[in-house]
Amino acid sequence: MLMRKVPGFVPASPWGLRLPQKFLFLLFLSGLVTLCFGALFLLPHSSRLKRLFLAPRTQQPGLEVVAEITGHAPAHEQEPPPNPAPAVPAPGEDAPSSRASPRRTKGGLRRTRPTGPREEATAARGNSIPASRPGDEGVSFRFDFNAFRSRLRHPVLGMRADESQEPQSRVRAQREKVKEMMQFAWQSYKRYAMGKNELRPLTKDGYEGNMFGGLSGATVIDSLDTLYLMELKEEFQEAKAWVEENFHLNVSGEASLFEVNIRYIGGLLSAFYLTGEEVFRIKAIRLGEKLLPAFNTPTGIPKGVVSFKSGSWGWATAGSSSILAEFGSLHLEFLHLTELSGNQVFAEKVRNIRKVLRKIEKPFGLYPNFLSPVSGNWVQHHVSVGGLGDSFYEYLIKSWLMSGKTDMEAKNMYYEALEAIETYLLNVSPGGLTYIAEWRGGILDHKMGHLACFSGGMIALGAEDAKEEKRAHYRELAAQITKTCHESYARSDTKLGPEAFWFNSGREAVATQLSESYYILRPEVVESYMYLWRQTHNPIYREWGWEVVLALEKYCRTEAGFSGIQDVYSSTPSHDNKQQSFFLAETLKYLYLLFSEDDLLSLEDWVFNTEAHPLPVNHSDSSGRAWGRH
C-alpha cells in the first residue's frame, strides 16, 4: 500500500492504523484537499472555474450590469470580457424570438480583427459565452439586451404600415427623397473615401484631418444609425463590416475629447442599442477608456485634447482653458459607458464635472464659455448659447429626460440657466425677430450663430417639464426662435443659412461679412424643425424642411457627394469640397424624422446626443448605478 511508504505511518495490522496515526493522516489529507481547492480561487481567470462551484448571481434585466469584482485594477486595465447580446434583425425585420443558433450575417460569421493587446475582440455572435483575454482579472459583465428592448414603449422603427399598401402621399415621397440623398451620400463616400474620415466630393478623395488622433472612419461611425433607421440594409451591413474588420484603436495622435466622444462613442453606443451587435459595445468601451486620461487634471475638469500615444492630457498653450460645450457634453455618453461596462469610473468623471459647476459662482446665473481645469475658475466672461456653450445646456435637459426624469440636479441646473439666458441674453429685434445674443462681460453682441439655432428645439423639448405657468411661454419662445432661424435661411439667395447672422444697422438675420456667410451642411435649423413638428404638428415645419431639401439638392449636391458652400448670398456659390460626417449623422437624419411618424425613434424612448445619435431613456425602476438620483 502507498501509506507504507510514508515515514511514521506503520500499520498495527495489514488493514489499519493506530489512533494517533489515523488522526495525523486525516489532518494531512484535509490540509491537502483544502490547499488544492483554494488554489482554484488564486489561479488567473479563476472566475471561469468558480462558476463550477459557486451559484450564479441573480441578474437584474435591462439597462444594468452585473459585476463580479474580486479586485480593483486601474481604470484603464478594467476591460470587460463582454457577454454578447443576441443580435437583432437587420433594419426592417421583426424582432427575433428564441433561436437554437445565433443569427448569421451576410457572408457568414464575421470575425473582429484585433488591433493590439487592448483591442482583442470577440469572434462570437448571438448567445455565445463571454470572450476572455490575458489581463482580465476578475471583472465580468453582462448586459441583458432583450430585457432592455422589451421595456421600450414603442418599436424602434415605429409601427410601420405595409408600404405596398400605403397610399402614395406627398410626405412619403419627401421621406423617400431624403432617403435617396442619404444613399447617394453614402455610396459616394464608399466609392471615393471609404475608411477615411470624410469625403472630398470635388476632388473625389478622402480627408483625415487632425481632430481624431489617428482614428479613421468618422463618416462610417456617424452613418450607422442613420442607415439603420432608413432601412438601408445593404449599406448598413457594409458599414458594420468595416467597423468589425478595419476600425482599429491602436492610434497615437492627439484627439479632441469632445469630437471623439460625440461622433465615435455616441455612434457606437447608438449602433449597439439599435442592433445588439457586440462589436459596437466593445469598441465603444475601449475607446472610452482611451479618453480617461483627459480627466487627470487638478479639478477633474478634462482638457479638450487627449494624447492617445502617451495617455496624457496636454496644454494647447500655457494656461489654456477648457470649453464649456466640450466638457459639458460628455454626460449622456459616459453614463451609458458605465451601464454597458459596469465600470463606474465613466459616471464618476462626469458627476465630478457637475460637482465643480454647482460649486463655482456664476455671474448673474450665467455659465461663461471658458474654465481653467487647474484652478476651477472662469477664465473669461464670454457667454454664448451658440458655439463654445451650446451643447452644455442641451445635455442638461437631455440628462433629465434620459434618466427617466429622476436626475433632479440636471433639471434644476437647466431651468436655472434658461432663466438667466432669458433675463440677460434674449432680445427681440425692431422687426419682431426673437434671438439669443452673446454676452461679453455685460456687453451684448447682437448676433446669433447657426449653432445656436438648436435652442428652439431644446426649449420645446424642455417645455413639458417646466413649471406649469411657464410651459406655454416656453413653447411660444421655442417657436419664435425657430422662426428667426428660418428667416436666416429665407433671406439668403440659396435659401440656406449663414454661419452667423446679426441684428444691427437696420439689417436683421443676415451675415454682415463674407467670413460668416458660408454653410457647411449644418443640422441645427432642421433639428429644431423636427422637434417643433413633433411638439405641435404644425405643417409649417415640414414646409420649411422641404425648402432645405430643395436647396441642398440645388446648391450642395455635386457629381460625387454633397458639399458645403462658401457664400449663401450667391446664386452661383463655390463649394468647399467637404462632405461633413455630421451631414449624414444629423442633417439627413433630422430631415428623415421630420417626414416620418412620431414613433420612429420615439422621444419617449430616446434622446439624441449632440451628433444626433439616439441613446435610450432609462425605463428601469431598479437601475441606479450610472443614472444618479438626486
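Which backbone oxygen lies 2.8 Å from a polar atom of the side chain of T482? In this predicted model, it is the backbone oxygen of A478 that lies at that distance from the side chain of T482. T482 belongs to helix α15, which runs over residues 468-490, and an α-helix has 3.6 residues a turn, so residues three or four places apart point the same way. With a relative accessibility of 1%, T482 counts as buried, because buried here means under 20%. Beyond its neighbours within four places in sequence, T482 is in contact with G456 and G457, with S528, Y529 and L532, and also with Y541 and W544.

Some of these partners lead to other helices of the model. S528, Y529 and L532, which T482 contacts, fall within the span of helix α16, residues 524-536, and E524 is found in that helix too. The UniProt record, in an unreviewed entry, places the feature "active site" at E524, and also at E259, D390 and E499. E524 is buried, since its relative accessibility of 8% is under 20%. Apart from neighbours within four places in sequence, E524 is in contact with H450, L451, C453 and F454, and with H450 there is a polar contact of 2.9 Å that joins the two side chains.

Another of the positions that UniProt marks as "active site" is E259, whose place is in helix α7, residues 257-275. E259 counts as buried at 14% relative accessibility, and, leaving aside its neighbours within four places in sequence, E259 is in contact with M211, F212 and Y264.

The same unreviewed UniProt entry type carries a further annotation, the feature "binding site", at T610. T610 does not need a helix or strand to place it, for its position is in the loop between β18 (606-608) and β19 (614-616). T610 is nevertheless buried, with a relative accessible area of 16%. Leaving aside neighbours within four places in sequence, the residues in contact with T610 are F258, I262, S391, E394, Y395 and E586, and among these E394 is joined to T610 by a polar contact of 3.0 Å between the side chains.

E394 also takes part in the packing of two helices, α12 (residues 390-402) and α14 (residues 455-463). Two packed helices are described by the angle between their axes and the distance between the axes. The axes of α12 and α14 come within 10 Å and cross at roughly 30°, and because angles under 35 degrees count as roughly parallel, α12 and α14 are described in that way. The contact is made by Y393, E394, I397, K398 and L401 of α12, together with M458, L461 and G462 of α14. In this arrangement α12 passes α14 in a left-handed crossing.

Helix α5, residues 218-229, gives a last example of burial, for twelve of its twelve residues are buried, so that α5 is largely enclosed by the rest of the structure. The buried residues include the polar or charged-looking names T219, D222, S223, D225 and T226 as well as A218, V220, I221, L224, L227, Y228 and L229. Just after α5, E231 takes a positive phi of about 60°.

Definitions and conventions. Residues are numbered from 1 along each chain as its sequence is written. This is a predicted model: local features need pLDDT of at least 70, side-chain atom pairs count only at pLDDT 80 or more; totals for chains, interfaces and linings use all residues. Side-chain values use heavy atoms; hydrogens and water are left out. UniProt positions are given in the numbering used here, feature names are shortened, and annotations may be inferred rather than shown by experiment. Helices (H or I, at least four residues) and strands (E, at least two) are DSSP runs, numbered from the N terminus. Buried means under 20% relative accessible area, exposed over 50%, partly exposed in between (1.4 Å probe, protein chains only). Contact means heavy atoms within 4.5 Å. A polar contact is a pair of N or O atoms within 3.5 Å; within protein, one must be able to donate a hydrogen and the other to accept it, and residues adjacent in sequence count only if both atoms are side-chain atoms. Axes are lines fitted to C-alpha atoms, for helices over the stretch in contact, and angles run from 0 to 180 degrees between N-to-C directions. Angles under 35 degrees count as roughly parallel, over 145 as roughly antiparallel, 65 to 115 as roughly perpendicular and the rest as oblique. A crossing is left-handed if the near helix is turned anticlockwise from the far one by less than a right angle, and right-handed if clockwise.
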